[in-house]
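Let's take a walk through this fold, one piece of packing at a time. Have the 3D view open and turn it as you read.

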Amino acid sequence: MHARAFDELAPDYDETFSDSALGRTLRSLVWSRLEHVFRPSQRVLELGCGTGVDALALARRGVEVVAIDASQGMIQVARQKAAQPGRVAFHCLPMEQLAAAFHGQLFDGVLSNFGAINCVRDPGALVNDVANCLRPGAHLVWVVMGRHVPWEWTWFLLQGHWSKAWRRLARGGVSWRGLNIHYPTPGELVRLLRPHFRIERIAPLGVALPPSYAGEWLAQRPRLSKVLTALEHRAQGWSALAGLADHYIVEASRLDAGARA
């Protein structure tokens, strides 16, 4: 990965997304699932931890977290938040080096939030590496950027940005700040996971609520925000909507060796 792309975003990331009204709402939906899946005393691996918001939240609940990110800038911000040594350890490490870095170690779960998986060159290889790091029955929670996003189509078409409206549909991914971003559909990701994982839940994230770049626009319309937030909560029970969301949540559990989903 070209970590520099995220180094440049690190200083303002929390202000522009994590601490925004839209960011807090979307993250709260993810956290409700993490609280359901991961228990205190478990050891969980986080991929693409960014500024450490999720890792620190889990640590406060008694979960031991090993969090990695390829961006030194993101890791620096995360470590500043975790001034006191505790239940979270941050490592500047690309996901592609996961297998070598944690060879022989086993985790009770794995998390990746808000599209970090989309930045991986070979998601199939990553799935294999992650599976080898997990105990049988360990839980996986990945939040992945989707391919078909009506909110994005509408937003950019109304502004006359035709190429941006359809960018996620491009074969081979999208070039962004030196990275090649891929947008797997829920079905494509499930097929990659199934040799090693049992799929337990798929849900939309950002199907009623807009993508983050529309956050400021939404903040100026509190009544609309309230309605869309209520719809977003209702949509969590409709797995079919995952294929039309800005992100989608995949939950799975590690199969025993030799088992098949």
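Helices H2 and H3 cross at roughly 80 degrees, and their axes come within 6 Å. Angles from 65 to 115 degrees count as roughly perpendicular, so that is the label for H2 against H3. Keep in mind that this is a predicted model. On the H2 side, the residues to look for are Tyr 13, Phe 17 and Ser 18, and they meet Gly 23, Arg 24 and Arg 27 of H3. Sort the residues of this contact by type and you get two nonpolar, two polar and two charged.

Now stay on H2 (residues 10-18) and look for helix H5 (residues 72-81): the two pack with their axes 8 Å apart, at an angle of about 65 degrees. That makes this pair roughly perpendicular too, H2 against H5. Here H2 brings Ala 10, Tyr 13 and Asp 14, while H5 brings Gly 73, Met 74, Val 77 and Lys 81. The mix in the H2 and H5 contact is four nonpolar, one polar and two charged. Notice Tyr 13, which turns up in the contact with H5 and also in the one with H3.

Next, go inside. The largest nonpolar core has 36 residues, and Phe 38, Phe 90 and Leu 205 are the ones with the most contacts inside it. Several elements give two or more residues to this core, including helix H4 (53-60), strand S2 (64-69), strand S5 (134-145) and helix H8 (150-158). Which element gives the largest share? That is H3, with six residues.

Phe 38 is worth clicking on. Leaving aside neighbours within four places in sequence, Phe 38 is in contact with Val 44, Leu 58, Arg 61, Val 63, Gly 109, Val 110, Leu 111, His 139 and Val 141. Apart from the 36-residue core lies another core, this one of 30 residues, with Leu 45, Leu 98, Val 110 and Val 250 among them. So Val 110 belongs to that other core, yet touches Phe 38.

Last stop: helix H10 (residues 186-193), where Pro 186, Leu 189, Val 190 and Leu 193 are buried. Look down the axis of H10 and these buried residues fall within an arc of 105 degrees, so they line one face of the helix. The spacing fits a general rule: an α-helix has 3.6 residues a turn, so residues three or four places apart point the same way. What covers the buried residues of H10 includes helix H7 (123-132), S5, strand S8 (197-205) and strand S9 (247-254).

Terms used. Residues numbered from 1 in each chain as written. Predicted model: local features only at pLDDT ≥ 70, side-chain atom pairs only at ≥ 80, totals over all residues. Heavy atoms only, no water. Axes fitted to C-alpha atoms, helices over the stretch in contact; angles between N-to-C directions. Helix = DSSP H or I, 4+ residues; strand = E, 2+ residues; numbered from the N terminus. Parallel < 35°, antiparallel > 145°, perpendicular 65-115°, else oblique. Contact = heavy atoms within 4.5 Å. Nonpolar A, V, L, I, M, F, W, Y, C, P; charged D, E, K, R; others polar. Core = buried A, V, L, I, M, F, W, Y, C linked by side-chain atoms within 4.5 Å. Buried < 20%, exposed > 50% of the residue type's maximum accessible area, 1.4 Å probe, protein only. Arc of directions from axis to C-beta.
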